[in-house]
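Biologist: Could you take a close look at a single part of this model, and follow its surroundings in one connected account?

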Amino acid sequence: MPSSSGEDFYQLRLYVAGQTARSQAVLRNLKAICERHLQGKYRIEVVDLLVNPQLARGDQIFALPTLVRQLPPPVKKIIGDLSNVERVLVGLDLRTLPRGARP
Amino acid sequence: MAKARTQAQVKTPPKIKTLSKAPTGIAGLDELTRGGLPRGRPTLVSGRAGCGKSVLGLEFLVRGAAQFGEPGVIVSFEETVEELATNVASFGFDLDDLVAQGKLVLEFVSVERHEIEETGEYNLDGLFVRLAHAIESVGAKRVLLDTIESLFAGLTNLAILRAELRRLFRWLKSKGLTVIITGEQGEGTLTRQGLEEYVSDCVIALNVQLNHHVATRMMRVVKYRGSGHGSDEYPFIITEKGILVMPITSLGLAHAASTERISSGNPALDEMLGGEGYFRGSSVLVSGTSGTGKTSIAVYLVDAACRRGERCMYFAFEESPAQLLRNMRSIGLDLEPYVKKGLLRIEATRPSLFGLEMHLASSFRAIEEFDPAVVVVDPITDFVALGSSYEVRSMMTRLVDHLKSRGITALMTSLSAGRSVHSDDDVGISSLIDTWVLVQLIEVAGERNRGVSVLKSRGMAHSNQIREFTLGPDGMKVIAAYRGPQGFLSGSARQAQQDADEVAGAKRGAR
């Protein structure tokens with residue numbers, strides 16, 4: 001999978017449970033990563049499962065918070081508070097790891 | 001004529017506080033657990049792949065919704081919604097219909113390792129939210145989590161996972177939900193991931209054993225906090241109506257004993273049986289070497305019962321129904337009208353086709369459906385090849401027990417190997433049965449004639465004589481024992497002696 005060419009548009013959906021300090025922190029983390037690595041070619045949609053629990057089924061959400069990369073395909077799921085930036089980038093396919101490494 | 005049905009009484013000791021149980025509706029399991037699974041608590045079902053744990057879980061939920069008015073949520077981590085529907089249809093329920101009626105909700109949770117990247121702290125609130133939503137949407141009382149091990153396969157952070165599972169089970173308990181969790185059996189541990197540390201109220205272990213090339217499923221209630229339970233391993237099968245467990249009936253030997261007598265179908269044979277025939281609800285064994293007439297004796301009983309309008313079930317293991325009917329016509333018995341009227345049902349299979357448990361299970365099922373007054377098993381000897389003598393005897397004990405507890409008169413035929421038959425009936429069940437009729441071939445003066453005797457018959461004064469009996473186009477005739485100066489006579493020797501005696505009598509002017 002080639003790393004970001006800067007041409008792809010990223011459609012991202014962040015699932016959280018309620019507007020808590022925690023979910024705000026996750027959103028902040030996400031925005032920071034997107035600003036740094038996606039150069040504006042992205043759109044973030046936040047889904048609060050406490051408001052719309054029925055939406056958990058469609059994207060197969062079981063852990064929170066979960067970030068779903070809907071575009072570009074294929075769909076990728078990243079769970080956790082996004083504090084580990086390296087893993088987020090791997091998850092979003094923005095950076096491939098050196099061969100053999102697995103943090 | 002009304003059938004006399006006897007019900008055995010179950011004595012339970014008085015309990016101070018009873019644990020509330022959720023009935024499973026699964027044949028035999030409610031007996032095993034004395035009422036069902038613990039209500040409002042989680043039950044762990046462990047076993048290797050293919051042992052039936054998903055089926056057990058599904059059946060508990062489906063029956064809960066369809067039979068007991070308890071809606072449920074099925075959370076499947078491995079099977080999709082379509083696969084679940086097919087699975088459920090295989091034991092006779094329409095999952096889509098139950099969902100449409102709002103009695104069940106299906107949640108397929110996909111946890112694919114390669115799709116997931118763990119990037120920091122998280123919890124399983126997504127699952128909680130889905131579950132809560134599903135539970136609320138149908139007012140669920142039961143939940144199935146099949147199989148929670150998938151979470152372990154998909155997620156690497158064990159600390160989070162274990163903490164969340166603990167939280168999940170506490171939460172489910174707080175909602176008063178009766179939950180079944182399935183887990184993969186580990187090497188030396190109950191489950192691979194140690195689920196038993198979270199779920200310890202009730203644990204059921206399933207496994208598949210291979211015996212004499214036949215696979216037998218076994219179930220064991222390993223633990224049931226707060227309740228007595230059958231603790232042995234019990235065989236079970238999965239039929240088109242779901243799981244069927246066959247515990248040795250917990251009634252022990254508390255069968256009621258009927259004093260009613262039913263005719264064997266032959267007045268002379270009845271005479272040998274204390275003058276009236278068999279006790280209703282008793283078990284009869286008819287043994288003898290090949291061709292001695294055991295089947296004929298069995299069929300005479302069937303004929304007499306059907307004449308009275310009683311239903312009979314005939315398990316034939318050596319003859320096809322057509323063969324049986326034809327052979328009986330040759331001795332003047334036409335069973336076909338009874339078959340047509342639905343009074344006689346003939347079930348014919350080769351024992352070697354299935355294992356012992358399958359046989360027992362399908363017999364129980366057939367008997368349940370048909371509700372006969374008389375059951376014939378002809379012959380039982382074919383089962384000997386299917387298992388160890390312990391297993392065969394165990395199966396026969398359960399069969400005889402089951403029939404007795406339902407007040408069904410059972411007649412079993414047994415093929416004896418050798419010519420001298422007294423001590424060895426080949427299956428070792430002579431102590432289980434009430435009446436033992438022996439048919440044998442007697443060789444006298446160059447002829448082989450048939451003789452019948454009653455070796456034992458509990459509760460009645462039975463004849464100790466060997467009487468000659470013949471089978472011909474006009475039926476089975478049991479002739480009074482004829483003693484000549486040299487002893488018991490049969491066949492042409494008897495005829496000769498009878499003629500000689502008549503002549504002597506006439507000469508003496510007696511008669």
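Modeller: Helices here are DSSP runs of H or I with at least four residues and strands are runs of E with at least two, both numbered from the N terminus. By that reading, the elements of chain A in this predicted model run β-α-β-α-β-β-α from the N terminus on, which comes to three helices and four strands.

The part I would single out lies in chain B: helix H5, residues 125-138. With 1.5 Å allowed for each residue, its 14 residues should span 20 Å, and because the C-alpha atoms at its ends are 20 Å apart, the expected and the modelled span agree. The residue that follows H5(B) is B:Gly139, with a positive phi near 65 degrees.

The buried residues of H5(B) begin with a run of names, B:Asp125, B:Gly126, B:Leu127, B:Phe128, B:Val129, B:Arg130 and B:Leu131, and are completed by B:Ala134 and B:Ile135. What covers these residues comes from both chains: chain B contributes, among others, strand S4 (72-76), strand S5 (104-108) and helix H7 (158-174), while the cover from chain A includes strand S1 (10-16), helix H2 (55-58) and strand S3 (66-71).

Two of those covering elements, S1(A) and S3(A), are themselves paired in the antiparallel sense over five bridges, and A:Gln11 has A:Leu71 in S3(A) as its bridge partner. S1(A) also runs parallel to strand S2 (residues 42-48) of chain A, to which seven bridges join it; here A:Leu14 is partnered by A:Val46. Together with helix H1 (residues 21-37) of chain A, S1(A) and S2(A) form a right-handed β-α-β unit. Over chain A as a whole, 32% of the 103 residues count as buried, and of the contacts between residues at least 6 apart in sequence, 63% join residues at least 24 apart.

The view from H5(B) thus leads on to the meeting of the two chains, where 27 residues of chain A are in contact with 21 residues of chain B. On the chain A side, the elements that give two or more residues are H2, strand S4 (76-79) and helix H3 (85-91), and by class that side holds 15 nonpolar, seven polar and five charged residues. S4(A) is also joined by three bridges to strand S6 (residues 116-118) of chain B, the two running parallel, with A:Lys77 opposite B:Ile116.

Notes. Residues numbered from 1 in each chain as written. Chains lettered and ligands numbered in written order. Predicted model: local features only at pLDDT ≥ 70, side-chain atom pairs only at ≥ 80, totals over all residues. Expected span 1.5 Å × (residues − 1). Buried ≥ 20, exposed ≤ 12 C-beta atoms within 10 Å, placed from the backbone. Contact = placed C-beta atoms within 7 Å. Pairing = 2+ DSSP bridges. Right-handed = clockwise from strand over helix to strand, strands pointing away. Nonpolar A, V, L, I, M, F, W, Y, C, P; charged D, E, K, R; others polar.
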